[in-house]
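Subject: Structure handover

Hello,

Here is the structure for you to look at. My notes on it come after the display.

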Amino acid sequence: MQEERRKHPRVMLRWPIVAETEERIVHGTTADISISGAFINCHSPLELGKIFDLIIQDVSLVDCPLPLDSSIRISAGVVRTQDYDPDKIIFSHGMAVRFLRMLKNEHEVISTLITHTLQKDRIDWREEESES
């Protein structure tokens with residue numbers, strides 16, 4: 001069994017994103033996100049090592065205690081790409097990205113959303129358990 005190497009909690013949050021480089025624009029959706037990176041489902045992932053501007057859209061639609069702008073812009077880099085493989089349990093094309101640079105406010109928003117989602121999931125799980 002492979003050892004977990006992540007330093008930060010990762011949560012399943014689905015946000016539409018745009019990945020912008022000088023050469024092209026890729027549209028996709030976050031599959032999961034942490035304070036240090038995300039996995040993005042997309043049909044045409046960027047190349048491994050590519051640095052790009054990641055725009056997370058519609059952040060304001062998330063149920064969160066913070067007042068939010070409609071989007072967040074982060075400098076990110078591709079650390080892994082993934083293709084659909086019918087022989088494995090991999091159902092989507094996409095890319096794993098590491099966040100390289102973000103403003104303090106953007107860091108606070110992502111951190112708060114992750115914490116809020118983890119707490120909400122914990123409450124929902126306990127509520128389901130008590131209903132059984």
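Below is what was found, first the strands, then one loop residue, then the salt bridges. Please keep in mind that this is a predicted model.

Strands

The strands form a closed barrel of six, in the order 1-2-3-6-5-4, and the pairing is antiparallel. On average, neighbouring strands of this sheet are turned by 45° against each other, with direction ignored.

Strand 1 covers residues 16-20 and strand 2 covers residues 25-33; five bridges pair them in the antiparallel sense. The two form a hairpin, with four residues between them. As a point of register, I17 stands opposite G28 in strand 2.

Strand 2 also pairs with strand 3 (residues 37-41), again antiparallel, over four bridges. Here the hairpin connection runs through three residues. D32 has F39 of strand 3 as its bridge partner.

On strand 4 (residues 51-57), antiparallel pairing with strand 5 (residues 71-82) extends over seven bridges. Within this pair, I55 stands opposite R73 of strand 5. R73 comes up again under the salt bridges.

The loop residue T21

T21 is located in the loop between strand 1 and strand 2. Is T21 buried or exposed? Its relative accessible area is 15%, and the cut-off for buried is under 20%, so T21 counts as buried. Leaving aside residues up to four places away in sequence, T21 touches L46, K50, I51 and F52. A polar atom of the T21 side chain also lies 3.1 Å from the backbone nitrogen of E23.

Salt bridges

How many salt bridges does the structure hold? There are four. As background, side chains of opposite charge can pair when their charged atoms come close.

One of the four joins the side chains of R73 and E20, at 3.4 Å from N to O. R73 belongs to strand 5 and E20 to strand 1, so this pair ties together parts that are 53 residues apart in sequence. Both ends are partly exposed: R73 has a relative accessible area of 41%, and E20 has 28%.

Another salt bridge links K50 with E23, where the closest N and O atoms are 2.8 Å apart. K50 sits in the loop between strand 3 and strand 4, and E23 in the loop between strand 1 and strand 2, so parts 27 residues apart in sequence are tied together. K50 counts as partly exposed at 22% relative accessibility, whereas E23 counts as exposed at 56%. Both residues also appear in the T21 paragraph: K50 is among the residues that T21 touches, and E23 supplies the backbone nitrogen that lies 3.1 Å from the T21 side chain.

The side chains of R24 and E47 meet in a further salt bridge, at 3.6 Å from N to O. R24 is in the loop between strand 1 and strand 2 and E47 in the loop between strand 3 and strand 4, so this pair ties together parts that are 23 residues apart in sequence. R24 is partly exposed, with a relative accessible area of 26%, and E47 is partly exposed at 44%.

Finally, E20, D53 and R73 are joined into one network by salt bridges that share partners.

Regards

Definitions and conventions
Residues numbered from 1 in each chain as written. Predicted model: local features only at pLDDT ≥ 70, side-chain atom pairs only at ≥ 80, totals over all residues. Heavy atoms only, no water. Pairing = 2+ DSSP bridges. Axes fitted to C-alpha atoms, helices over the stretch in contact; angles between N-to-C directions. Buried < 20%, exposed > 50% of the residue type's maximum accessible area, 1.4 Å probe, protein only. Polar contact = N/O pair within 3.5 Å; in protein donor to acceptor, adjacent residues only side chain to side chain. Contact = heavy atoms within 4.5 Å.
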